[in-house]
Amino acid sequence: MVLPVRRRPRAALGAVALAVVLTSCASSGDRTAEPSRTSSSTSAAAPTTPPPPPPPVLWPLTGVPAQGPVDRPALAVKIENSIDARPQTGLGAADVVWEEVVEGGITRFVAVYQSTVPPEIGPVRSVRPMDPAIAAPLHGLMAFSGGQVQYVDAVGAAGLQVLSQDNGSAGFYRTNSRRAPHNVYATPQALLDQADAAHRAAPPAQFAVAGPGEQPTAAVAGAPTNVVSLTLSGVSHPSWTWNPASGTWVRAEAGTPAVQADGTPLQAPNVVVLRVDVVTTTARDPAGNPVPETQLVASGAALVASAGRTLPATWSKASLADPVVLTGPDGAPVRLAPGSTWVELVPNGSGAVGTG
């Protein structure tokens, strides 16, 4: 006997199918939800690393941290150093000071201002043939009282903006406290205000400087030194004595402390001595003395004084527009201490360098 097949109503079949689908979806949803909860939990537990702080903004010529923008151009000014010119004004505010032998064996300075602008500087004197090679790497302004036409033209040809009292540039004046020609002074801000569009940028660094957490090269590899004694000529005998309290080398002229007009000692964290060749040009000064020229697109021996120590080194300058490069005995670049630097151009042969 064949039993009749009992058929479920279609509605019942649909209900069963729907139940199966819902159960399947619920199971599937449970499986996908669990990893999501695990991922969220793992993400919440992961440590968050804060971004590193931005590097400090440094003044390019000193490596000292700046409190604001550093986009001021460099101003190189020719400063006198005869007995009649001392004590000078504003010289201690310079980032870099170059000392060079001029006619008669006296010396003059090229003082470079960028991080600090003093209210007054002087006495300001005339340009010399080696000055373009000193100032050209700064790409800024160069100020002086005047000079022979070929030397003035050479400053402009080196890419610098010329500011000359003789040519009527603003910012220069004469004082009544000294007799001419030792009485030309200048207001640095008035000189800087004349910068044209091509000479308003901050200068590139001129020397390598130890960064935060680093030591200057001489501090690591140099010999302890109390004094650096120099002979630039028969009448020029500056010296630098280390002062641990101030962390600077303090200048003297032939044993007499060198000070500014306000009595502040002339001092710097770094003294760089370059042994240089000096040649006699065909030019003459007003007194008839031949004008010497220091050869700076060259190379030679150097002595670097930082942190109470001195380090023998070599120097080189590839072209007029390139800065001087200092290299240590190990072939690595020499790093100076942050702060100002005095560069002493000591003639080979007639000059001398001693340490003690």
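# Reading a predicted chain, feature by feature

Buried residues account for 45% of the 356 residues in the chain, and the model in which they are counted is a predicted one.

Me: Before I look at single residues, what does the chain contain in the way of helices and strands, and how much surface does the chain expose?

Reply: The chain holds five helices and 20 strands. About 17200 Å² of the chain is exposed, and carbon and sulfur atoms supply 58% of that area.

Me: How should I read contacts along the sequence, and what percentage of them join residues at least 24 apart?

Reply: The idea is to set aside contacts between residues close in sequence and ask how the remainder is distributed. Here, among contacts between residues at least 6 apart in sequence, 62% join residues at least 24 apart.

Me: Which residues of the largest nonpolar core touch the most other members?

Reply: The largest nonpolar core has 41 residues, and those touching the most other members are Trp98, Val112, Met142, Leu274, Leu326 and Leu345. Strand S14, residues 270-284, contributes the largest share of this core, with four residues. A second, separate core has 37 residues, among them Val77, Ile121, Ala143 and Val228.

Me: Taking Trp98 as an example, which residues is Trp98 in contact with, beyond its neighbours in sequence?

Reply: Once the neighbours within four places in sequence are left aside, Trp98 is in contact with Arg108, Phe109, Val110, Ile134, Phe207, Leu274, Val324, Val343 and Leu345. Of these partners, Leu274 and Leu345 are also named among the core residues that touch the most other members.

Me: How many aromatic pairs are there, and which residues form a cluster?

Reply: A search of the whole structure gives four aromatic pairs. One aromatic cluster is formed by Phe109, Trp240 and Trp342, and Phe109 also appears in the contact list of Trp98.

Me: How do I read strand pairing, and which strands does S17 pair with?

Reply: One follows the bridges from strand to strand, noting the sense of each pairing and the residues that stand opposite one another. Strand S16 (residues 299-306) and S17 are antiparallel and share eight bridges, with Val304 standing opposite Leu311 in S17. S17, which covers residues 309-316, is also joined to S8 by two bridges in the antiparallel sense, and in that pairing Pro224 stands opposite Arg309. S17 and strand S18 (residues 325-327) are antiparallel as well, with three bridges between them, where Ser316 has Val325 in S18 as its bridge partner. As a general point, side chains in a regular strand alternate between the two faces of the sheet.

Me: What happens at the turn of the S16 and S17 hairpin?

Reply: Two residues lie between the strands of that hairpin, and Ala307 takes a positive phi near 55°. Ala307 is also a contact of Ala219, which is found in helix H5. The C-alpha atoms of Ala219 and Gly308 are 7.4 Å apart although 89 residues separate them along the chain, and Ala219 is in contact with Ser306 and Arg309 too.

Me: Why is Ala219 classed as partly exposed, while Thr225 is classed as buried?

Reply: The classes rest on relative accessible area, with buried meaning under 20%. Ala219 counts as partly exposed because its relative accessibility is 22%, whereas Thr225 is buried because its value is 4%. Thr225 is in the loop between strand S8 (223-224) and strand S9 (227-231), and a polar atom of its side chain lies 3.0 Å from the backbone oxygen of Ala223. Beyond its neighbours within four places in sequence, Thr225 is in contact with Trp242, Trp249, Gly308, Arg309, Thr310, Thr355 and Gly356.

Me: Gln206 is also in a loop; is Gln206 buried or exposed, and what does its side chain reach?

Reply: Gln206 lies between helix H4 (188-192) and helix H5 (217-221), and it counts as buried because its relative accessibility is 12%. Its side chain reaches the backbone oxygen of Pro204 at 3.0 Å and the backbone oxygen of Pro137 at 3.5 Å. Gln206 and Leu138 are 68 residues apart in sequence, yet their C-alpha atoms are 7.8 Å apart. Contacts of Gln206 outside its neighbours within four places include Pro60, Leu61, Pro323 and Val324.

Terms used
Residues are numbered from 1 along each chain as its sequence is written. This is a predicted model: local features need pLDDT of at least 70, side-chain atom pairs count only at pLDDT 80 or more; totals for chains, interfaces and linings use all residues. Side-chain values use heavy atoms; hydrogens and water are left out. Buried means under 20% relative accessible area, exposed over 50%, partly exposed in between (1.4 Å probe, protein chains only). A polar contact is a pair of N or O atoms within 3.5 Å; within protein, one must be able to donate a hydrogen and the other to accept it, and residues adjacent in sequence count only if both atoms are side-chain atoms. Contact means heavy atoms within 4.5 Å. Accessible areas come from the Shrake-Rupley method with a 1.4 Å probe; for residues, only the protein chains shown count as cover. A nonpolar core is a set of buried Ala, Val, Leu, Ile, Met, Phe, Trp, Tyr and Cys residues joined through side-chain atoms within 4.5 Å. Rings of Phe, Tyr and Trp (its six-membered ring) pair if their centres lie within 6.5 Å; planes under 30 degrees apart count as stacked, over 60 as edge-to-face and the rest as tilted. Two strands pair if DSSP finds at least two bridges between them.
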